[in-house]
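Visitor: I am new to this structure and would like a close look at one part of it. Could you pick out the aromatic rings and walk me through their surroundings?

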Amino acid sequence: MVGHSVRAEREIAAAVERVWDVITDLDYAVEVIPAIVSLERLEGEGYDVGVRWRETRKMWGREETEEMEVVEVDAPRSTAIHAESRGTQYRTVYSLEEVDGGTRLVCDFSAETPDPGPAQRIGWFLFGKAGMKATQKALAQDLEHIAATAEGTDPDPG
């Protein structure tokens, strides 16, 4: 098995319930996170285990589309989302914790290839760490936009 994981976190000047509402409102995600080009529900309504959607994001200058599924929900404390593409499994976990009248939002992202072929092993070796560093930067930008929405402010450009 090969893979990597990264973490991004941010303190947000809004109640846990408000931040939860922002991160779990799939129908509004395109408005919150500029990197999301489109989001199409495939199964389920609202936000609960089993809800699936197709999300297209602009990353590294091009658009990528993945199917995603909610696999865990402990409202309003944590949620886990799963996606799989080309033999790699992706897991995104959001954890929310009340801190000083606001919320600490933590995003843990992992990518693992359980049964990599030779080309995948070489790709992970050559590009894995750089790719995860870019992913961490993208996650930090997502959290910035989530914070701005929850706080009712404009995010910093960039």
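**Aromatic pairs and their surroundings**

Guide: Let's start at a turn that carries an aromatic residue: β3 and β4 form a hairpin with two residues between them, and tryptophan 60, in that turn, has a positive phi of about 55°. What you are looking at is a predicted model, so please read every value here as computed from that model.

First, some bearings. The chain has three helices and seven strands, and along the sequence they come in the order β-α-α-β-β-β-β-β-β-α. Of the 158 residues in the chain, 38% are buried. If you take contacts between residues at least 6 apart in sequence, 47% of them join residues at least 24 apart.

Back to the hairpin. Strand β3 covers residues 52–59 and strand β4 residues 62–74; the two run antiparallel and are joined by eight bridges. Arginine 52 stands opposite glutamate 69 in β4. On we go to β5, residues 78–85, which is antiparallel to β4 and joined to it by six bridges. Here methionine 68 stands opposite alanine 83 in β5. The link between β4 and β5 is a hairpin through three residues. Proline 76 sits in this loop, and the peptide bond leading to proline 76 from alanine 75 is cis, with omega near -10°.

Now to the rings you asked about. A pair of aromatic rings is described by the distance of the centres and the angle of the planes. The structure holds two aromatic pairs. One of them is formed by tryptophan 20 and tyrosine 47, in an edge-to-face arrangement with 6.2 Å from centre to centre and 85° between the planes. Tryptophan 20 belongs to helix α1 (residues 16–24), while tyrosine 47 is in the loop between β2 (36–43) and β3, so this pair ties together parts that are 27 residues apart in sequence. Both tryptophan 20 and tyrosine 47 are buried.

The rings of tyrosine 90 and phenylalanine 109 make a pair of another kind: their centres are 5.9 Å apart and their planes meet at 25°, so the pair is stacked. Because tyrosine 90 lies in strand β6 (residues 88–99) and phenylalanine 109 in strand β7 (residues 102–113), the pair ties together parts that are 19 residues apart in sequence. How covered are these two rings' residues? Tyrosine 90 has 25% relative accessibility, so it counts as partly exposed. Phenylalanine 109 has a relative accessible area of 13%, so it is buried.

Let's stay with phenylalanine 109 for a moment. Setting aside residues up to four places away in sequence, phenylalanine 109 touches His4, Ser5, Val6, Tyr90, Arg91, Thr92, Met132, Thr135 and Leu139. Along the chain, phenylalanine 109 and glutamine 136 are 27 residues apart, and their C-alpha atoms are separated by 8.3 Å.

Threonine 92 is one of the residues that phenylalanine 109 touches, and you will find threonine 92 in strand β6. Its relative accessible area is 10%, so threonine 92 is buried. Not counting residues up to four places away, threonine 92 touches Thr79, Ala80, Ile81, Cys107, Asp108 and Phe109.

Between β6 and β7 there is a loop, and aspartate 100 lies in it. Aspartate 100 has a phi near 45°, which is positive in a residue other than glycine. With a relative accessible area of 82%, aspartate 100 is exposed.

To finish, let's turn to the interior. In soluble globular proteins, nonpolar side chains tend to be buried together. The largest nonpolar core in this model has 34 residues, and those with the most contacts inside it are Ile12, Val19, Trp53, Leu105 and Ile146. The most is given to this core by helix α3 (residues 118–151), with six residues. As for valine 19, leaving aside neighbours within four places in sequence, its contacts are Ile12, Ala14, Leu96, Thr103, Leu105, Ile146 and Ala150. Turning to the outside, the chain exposes about 9100 Å², with carbon and sulfur atoms supplying 48% of that area.

Technical notes. Residues are numbered from 1 along each chain as its sequence is written. This is a predicted model: local features need pLDDT of at least 70, side-chain atom pairs count only at pLDDT 80 or more; totals for chains, interfaces and linings use all residues. Side-chain values use heavy atoms; hydrogens and water are left out. Helices (H or I, at least four residues) and strands (E, at least two) are DSSP runs, numbered from the N terminus. Buried means under 20% relative accessible area, exposed over 50%, partly exposed in between (1.4 Å probe, protein chains only). Contact means heavy atoms within 4.5 Å. Accessible areas come from the Shrake-Rupley method with a 1.4 Å probe; for residues, only the protein chains shown count as cover. Two strands pair if DSSP finds at least two bridges between them. Rings of Phe, Tyr and Trp (its six-membered ring) pair if their centres lie within 6.5 Å; planes under 30 degrees apart count as stacked, over 60 as edge-to-face and the rest as tilted. A nonpolar core is a set of buried Ala, Val, Leu, Ile, Met, Phe, Trp, Tyr and Cys residues joined through side-chain atoms within 4.5 Å.
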